[in-house]
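Here are a few exercises to work through with the model open beside you. Try each one yourself before you read the solution.

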Amino acid sequence: MIEQAWNSLLQFVSQFVIPDWGGLILLLPVFIAIVVILILARLVYAYATIGPKRIRPARRKPLPPPDVHMPGPTFAPILAGIGAFFLFFGLVAGGIWILVGIVILVLTLLYWGREALVDYDHVAETPPVPVVVEHGEPPPGVHIPGPTFRPFLVSIGVGLLFLGLVFGGWLLALGIAVTIVTLLGWLNDARKEYRHTVEADTTGHMENEPAPAWPKKLLWSVAILLVVAVVLNEGWFPPRAASGEEPGASPAPSAAPPGGITIIAKDVKFNVTSITAPADEPFTITFENQDAGTPHDVDILDGSGAKVFDGKDFPGVATRDYDVPPLKAGTYKFECSIHPALMSGDLTAGP
């Protein structure tokens with residue numbers, strides 16, 4: 001039993017020592033679920049131990065002064081997070097989950113818009129507030145959260161994450177890292193806000209955090225790491241070399257078997273967009289995936305969009321032979337099921 005557990009641990013660690021980006025992408029929902037479970041466990045523990053440790057004066061409830069409207073709490077950000085989770089899960093696992101994520105996000109935005117309209121109705125008839133040129137701290141009972149760069153930074157991280165899901169490799173790792181670092185910083189900001197809220201139980205006034213400085217170091221770091229990720233993904237450094245070839249030389253296409261077809265995937269595109277295959281007899285497709293760490297495959301669809309051949313995907317650099325069953329004479333479409341918008345072509349079956 002111990003040996004089996006040890007072998008399982010070594011197999012799991014090998015995913016990071018010798019990255020299999022296709023396997024890591026499939027594990028992405030697991031990593032996100034672990035982070036969510038840890039955060040929820042921390043919140044449950046915090047609320048379970050939030051009770052007073054000693055007798056103290058009664059809490060003073062902060063009340064907004066007259067003519068000041070404070071919008072109420074909302075569940076919309078939580079629902080948007082759930083929708084985004086299902087959308088990411090669908091991008092990895094496929095199936096109906098992408099549609100589920102999109103539906104949840106659309107319904108959340110409609111719900112959020114309705115809340116905004118209701119909130120607007122409360123202030124629509126309010127007389128205009130005089131223009132204030134200079135102002136100091138908010139009055140007692142009013143807490144105004146300070147400005148933050150977190151939404152912009154997390155948008156950059158999510159954008160890199162989407163690029164990583166398409167191109168794989170180090171772009172995916174960079175997107176995950178930027179998103180996690182930004183979310184951890186956002187949690188730290190929330191912790192500071194909570195600390196001030198606890199202090200306001202006694203003082204009745206919540207102090208505001210100072211305005212943040214521009215995150216120049218973080219933005220420069222992300223820009224440099226993005227350049228490094230692109231260089232590593234493209235194999236510019238260190239140069240890719242096939243065995244027996246000079247460094248930097250492109251691997252020579254392997255010869256297709258008799259009656260076979262060769263398709264090469266490089267830079268997330270096929271080298272051909274039109275191929276011809278024999279009708280009513282089996283044939284072989286030799287598929288070369290030259291994109292290191294990025295999974296590709298070749299599927300064949302008929303005129304109605306139904307899949308008539310499903311080639312198993314695999315990460316590059318590698319070559320596999322697909323044995324395709326006989327196809328009736330006609331026109332078909334071949335594509336990479338992982339990147340169908342970027343990698344597709346026409347297949348003609350005939351004499």
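**Exercise 1.** Find out which residues D291 touches, not counting residues up to four places away in sequence.

*Solution.* Start with the contacts, meaning heavy atoms within 4.5 Å. D291 touches A265, K266, D267, V268, H296 and G316, once residues up to four places away in sequence are set aside. Next, place the residue: D291 sits in the loop between β3 (283–289) and β4 (295–296). Strands here are DSSP runs of E with at least two residues, helices are runs of H or I with at least four, and both are numbered from the N terminus. Last, check the cover: D291 counts as buried because its relative accessibility is 6%. Buried means under 20% relative accessible area, exposed means over 50%, and partly exposed is in between (1.4 Å probe, protein chains only).

A word on the ground rules: this is a predicted model, so local features need pLDDT of at least 70 and side-chain atom pairs count only at pLDDT 80 or more, while totals for chains, interfaces and linings use all residues. Residues are numbered from 1 along each chain as its sequence is written, and side-chain values use heavy atoms, with hydrogens and water left out.

**Exercise 2.** Take D267 and V268, two of the residues that D291 touches, and work out the phi and the burial of each.

*Solution.* First, D267 lies in the loop between β1 (261–265) and β2 (274–277), and V268 is in the loop between β1 and β2 as well. Now the backbone: D267 isn't a glycine, yet its phi is positive, at about 55 degrees. V268, also a residue other than glycine, has a positive phi near 60 degrees. Then the burial: D267 is partly exposed at 40% relative accessibility, whereas V268 is buried at 9%.

**Exercise 3.** Which residues does F309 contact, leaving aside its neighbours within four places in sequence?

*Solution.* Locate F309 in strand β6 (residues 307–310). Its contacts, with those neighbours left aside, are V298, D299, I300, Y322, D323, V324 and P325. Pick V298 and go C-alpha to C-alpha: F309 and V298 are 8.4 Å apart in space and 11 residues apart in sequence. With a relative accessible area of 11%, F309 is buried.

**Exercise 4.** Do the same kind of survey for T182: is this residue buried or exposed?

*Solution.* T182 belongs to helix α6 (residues 170–203). Its relative accessibility is 3%, so T182 counts as buried. Beyond neighbours within four places in sequence, T182 contacts R150, L153 and V154. For a distance, try P151: 31 residues along the chain from T182, with 8.6 Å between the C-alpha atoms.

**Exercise 5.** How much of the protein chain is predicted with a pLDDT of 70 or more, and where is the pLDDT below 50?

*Solution.* Recall that pLDDT is the predictor's confidence in each residue, from 0 to 100. The protein chain has a mean pLDDT of 78, and 72% of its residues reach 70 or more. Over residues 241–258 the pLDDT is below 50, though this stretch has 25 contacts in the model beyond near neighbours in sequence. Where pLDDT is low, don't read the predicted coordinates in detail.

**Exercise 6.** Sum up the protein chain: how many helices and strands are there, and what share of residues is buried?

*Solution.* Count the elements: 7 helices and 10 strands. Then the burial: 26% of the 351 residues count as buried. Finally, among contacts with a separation of 6 or more, 64% come from residues 24 or more positions apart.
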